[in-house]
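Please open the structure in a viewer and keep the sequence at hand. The tour below proposes what to select at each stop and describes what is found there.

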Amino acid sequence: MKYFKKPFSTRLRLLFTLLLASALGACGGLSRTDRPAQVEERGKPPATTTAVPNQTQIAAYTPPAQPRYSRPAPKRAVAVLMRRADDQKRAGDLDGATVSLERALRIAPDDALLWHRLAGVRMAQQRHQLVVQLASKSNALTAAGERSLRSDNWRLIAVARRALGDSAGARDAEQRANALH
Amino acid sequence: MASKKKRKTPQRPGNRPGKRASTRRGKARGKGKGRKRVGRQRRGWKLAIAVAVLLGLALGAYTVFLSKTVRVKFDGKRWAEPAQIYARPLDLYVGANIGAEQLGAELRFLGYRKVSKVSGPAQWSQGRGRFVIHMRDFTFWDGAEPGRKISVDLSASGIEDIRQSGGRGVIDILRIEPALIGSIYPAHNEDRVLVQRGDIPEHLVQGLLAVEDRRFYDHHGVDLRGIARALWANIQAGRTVQGGSTLTQQLVKNFILTSERSLWRKVNEALMALIVDARYDKDEILEAYANEIFLGQEGGRAIHGFGLGARFYFNRPLAELQLHETALLVGLVKGASYYNPRKHPERARQRRDLVIDQMQALGFISDADARHARAQGLGVNAQGVAHGHRIPGFVDLVRRQLRRDYREEDLTSEGLRIFTTLDPWVQSRAGVALAKRLQEIEELRDLEKGSLQGALVVASAQQGEIQALIGGRDTSYAGFNRALDAVRPIGSLIKPVVYLAALAQPRRYTLSTLIEDKAVDMALPGGQRWQPRNYDREIHGLVPLHEALASSLNLATVNLGMQVGLEPVIDSLRAFGIERDIDAFPSLLLGALSLSPLEVTQIYQGLAAGGFSSPLRAIRAVLDADEEPLQRYPLTVKQAADPAAVFLLNRNLVEVTQTGTGAALRGLLPQGMQVAGKTGTTNDLRDSWFAGFSADRVAVSWVGRDDNGPTGLTGSRGALRVWAELMRDIDNLPLQLTPPEGVEYHWIDAQGRLTSPDCEGAVAFPYIAGSQPSERVDCRSDPNLRGFLRDLFD
């Protein structure tokens, strides 16, 4: 990951205000609170950093990347809990699996995969309305590029909708799932 | 739900006093002899026999009655065991952003002893960048976490490494037990933490024997020798200097009888002590005594039993107390207020040392141990620390949430264990932030000292778990809970809901749509007219929608809201969890809706979670007294708004904090700490609000006066400062918004027309697909814009 500093000048700030570039706030966003001088570039478009008079600095638009932790991602802890949830689910301890996934979500609240897994456990518990919500939440956190996770979420939604008697909604979800596959 | 706590109670068939009475009757009958006696004598005997029989019967019946009372008290629900309320457990894992200051505070909150070398449970040491912690065992709602000794390496960016002490393997994640933060005790205010005989340290029992009842293990409930000794001592002294009551008698007195002082009561007490002693073994009596004894008072709360005594005075489980600490508790038996160690430390010390002396004299402890114990300080913590009274606001919320699902009597008597979402670290920082900033604001603005009040609520953004709740400036005062009960007009905090209702109609409204900031003049039902104004009293004409929200323009908002309609706004409030009645008046659009800080948090949680609202929860799980799960309060989400529209709105709320009415945050938060939020100010500057969120926390602060008088503070000058102080102090993930499916970026120019990325001043705005402007310009063919921009830079 490459770091760069924000250019700033009075003029720029004037332009900045006028154009409300910062509305988009996409200042590349992410720096640790205790590492204020550095801004993590996310290969993201626009906004403050690109709204400079020097045209050569204007980057072409690319879709924003998957959210990333500003601190070393607590991957191991999350992985351990996810594995534990899998074991619990396999052993039929669905409540236990829910608890483990909820605990993982406290560590990584915007991890789309965790939300998807939670939807999966809820599916096994036949909590169909909750499945639809959790899978939709997972989709909302999934980056555009991650088609297979989106597809899996739509598939869960399709099954849950069918169980809820919404066959039109189920068909729609299936089509979305297939389109992404 | 019945308490499953099993207490061994030997069931003894029949009842002995009754049998004794019948034996006596037999003897009386056998005494009739000598036919030649005169009738008078005979009649006398008969009468005597009859009286004896009657007395015997009466005594027998009375004994049966007492015996039954004893049995009911002992075998039935002996103690109402209040529900115990726990904070959240602390998860330790590599990558957790926990600093040394926080970890130390968490351990102190748990009552762990800081030592130079860890040698047993509930101890910790701190070296350079390394904590060694010996955890207690703890049973969670999803299983037990074994007590073990671990070492935790910290760096400036958090936890680097966790290992089992002496082991090689890295521990990926573990939980430290949660702190006990309160209890739900019954209306008669007896609070206690039940202990079993096995939890009572031997030195505590020895201390009790030494000063209260030396022959406890030898007598039958009443100690005649003890009474004689006490009597003699009292006669010699000419006043009461010694009591002859056994522990059993003291128990009976506390436990069964009223505090009336009479001979009759004394007789009753003795009789019942005999019954108790006959019926139960000494250890059961001791356990009962240890749970019953009165050890202190805090406001309306009576501290009963050594279990709670240990918590109340030392913030530790009873089993972890050291000799000098148990001696202090034993000393309190004689008079908990007279020897109150917080109020009368010197008296308490003398009494404690007397207990130690007696134990030494009787050979219970060695001379060296006694000397060592006497040399210790009292070791009593500050008033009620870590037991509910530092966080009355949150405990209040927990009680209210529990009452929806449990009967009051179950809460106060069944020994439930309530696991909550409270983050003690965030809570303590929130309390400090509020107190500190309010004081500063009063000084800065020359306001009367102490005139400002405030409330602060912090929840996890994606799950809606309440992490901290401050109901007022004095966080230890269990009074008016402003976070729940200060229902105030929310002013501009409502605007995001209005704009969301607009953005949910992408064909009509986008962030760049121009909306009209023009005078509003509406007839109200009562014949009055409503003529709101902008805060700056200006009229701004056509403004881009995002700018109207960022600058919190009232007139633009009312015009927009009237176009969108009040119904969608009200529907949206409902979807975000507001259950209160909402009047469909146009003034709603400017926040003529009164809500509590907690309700506002509910709305903003839904926004922070990208439109997926979760009911705010203060409780995760409830276990019964046997640590079996009774109920869980799981994570649920419900889509309250289109995630794409919420994304656009949240982008706009980031703008608020960067260039809008919340721009003051830029100087208050670390650079790069991106947040979204909204200021709120009500008429005559009575209420100052700020609601906002980072990626993982949503927080709402309110500042105002209890008498609802003007404060002279806008949202930005008051509540925003409190909010910023807190958010700067605690770990936050900077907000970064992922565009959900169906959102596209398009480059537009200052007039809101599509343009090329390489044009001067081109800005990429997010649009719900298909809603982007249709007009396209090429910057090279637009000399006016170029000239305009050149002017700016010249």
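Two residues are in contact if their C-beta atoms, placed from the backbone, lie within 7 Å. With that cut-off, among contacts in chain A between residues at least 6 apart in sequence, 46% join residues at least 24 apart. The model shown is a predicted one.

**First stop: chain A**

Select chain A and colour it by secondary structure. Seven helices and two strands make up its secondary structure. Read from the N terminus, the elements of chain A follow the order β-α-β-α-α-α-α-α-α. Chain A has 181 residues, and 48% of them are buried.

**Second stop: a mixed sheet in chain B**

Turn next to chain B and select strands 3, 4, 5, 8 and 9, which form an open sheet in the order 3-4-5-8-9 with mixed pairing. Its edges are strand 3 (113-114) and strand 9 (158-164) of chain B, each of which pairs on one side only. Strand 8 (residues 149-155) of chain B runs antiparallel to strand 9 of chain B, and six bridges join the two. To find a facing pair, select Asp153(B), which stands opposite Asp161(B) in strand 9 of chain B.

**Third stop: the nonpolar cores**

Which residues touch the most other members of the largest nonpolar core? Select Ile418(B), Leu456(B), Val457(B), Leu500(B) and Ala645(B): these hold that place in a core of 194 residues. Helix 22 (residues 643-658) of chain B gives the most to this core, contributing nine residues. Now centre the view on Ala645(B). Leaving aside neighbours within four places in sequence, Ala645(B) is in contact with Leu500(B), Leu503(B), Ala504(B) and Ile768(B). Another core, of 54 residues, lies apart from the largest one; among its members are Val195(B), Ile200(B), Leu274(B) and Val355(B).

**Fourth stop: a pair of helices**

Select helix 11 (residues 345-361) and helix 12 (residues 367-375) of chain B, which pack at an angle of about 175° with their axes 10 Å apart. Because of this angle, helix 11 of chain B is roughly antiparallel to helix 12 of chain B. On the side of helix 11 of chain B, show Asp353(B), Ile356(B), Met359(B) and Gln360(B); these meet Asp367(B), Ala370(B), Ala373(B) and Arg374(B) in helix 12 of chain B. The residues of this contact comprise four nonpolar, one polar and three charged.

**Fifth stop: an antiparallel sheet in chain B**

Finally, select strands 17, 16, 30, 29 and 28 of chain B, which form an open sheet in that order with antiparallel pairing. The edge strands are strand 17 (466-470) and strand 28 of chain B, each pairing on one side only. Neighbouring strands of this sheet are turned by 5° against each other on average, direction ignored.

Is strand 28 (residues 676-681) of chain B mostly covered or uncovered? Strand 28 of chain B is mostly covered, with six of its six residues buried. Ala676(B), Lys678(B) and Gly680(B) point one way from this strand, while Gly677(B), Thr679(B) and Thr681(B) point the other way.

Follow the chain into strand 29 (residues 687-693) of chain B, which is joined to strand 28 of chain B by six bridges. The two strands form a hairpin with five residues between them, and Asp684(B) in the turn has a positive phi of about 60°. Across the hairpin, Gly680(B) has Trp689(B) as its bridge partner. Seven bridges then link strand 29 of chain B to the antiparallel strand 30 (residues 697-704) of chain B, where Val703(B) stands opposite Ser688(B).

Conventions
Residues numbered from 1 in each chain as written. Chains lettered and ligands numbered in written order. Predicted model: local features only at pLDDT ≥ 70, side-chain atom pairs only at ≥ 80, totals over all residues. Helix = DSSP H or I, 4+ residues; strand = E, 2+ residues; numbered from the N terminus. Buried ≥ 20, exposed ≤ 12 C-beta atoms within 10 Å, placed from the backbone. Pairing = 2+ DSSP bridges. Core = buried A, V, L, I, M, F, W, Y, C linked by C-beta atoms within 7 Å. Axes fitted to C-alpha atoms, helices over the stretch in contact; angles between N-to-C directions. Parallel < 35°, antiparallel > 145°, perpendicular 65-115°, else oblique. Nonpolar A, V, L, I, M, F, W, Y, C, P; charged D, E, K, R; others polar.
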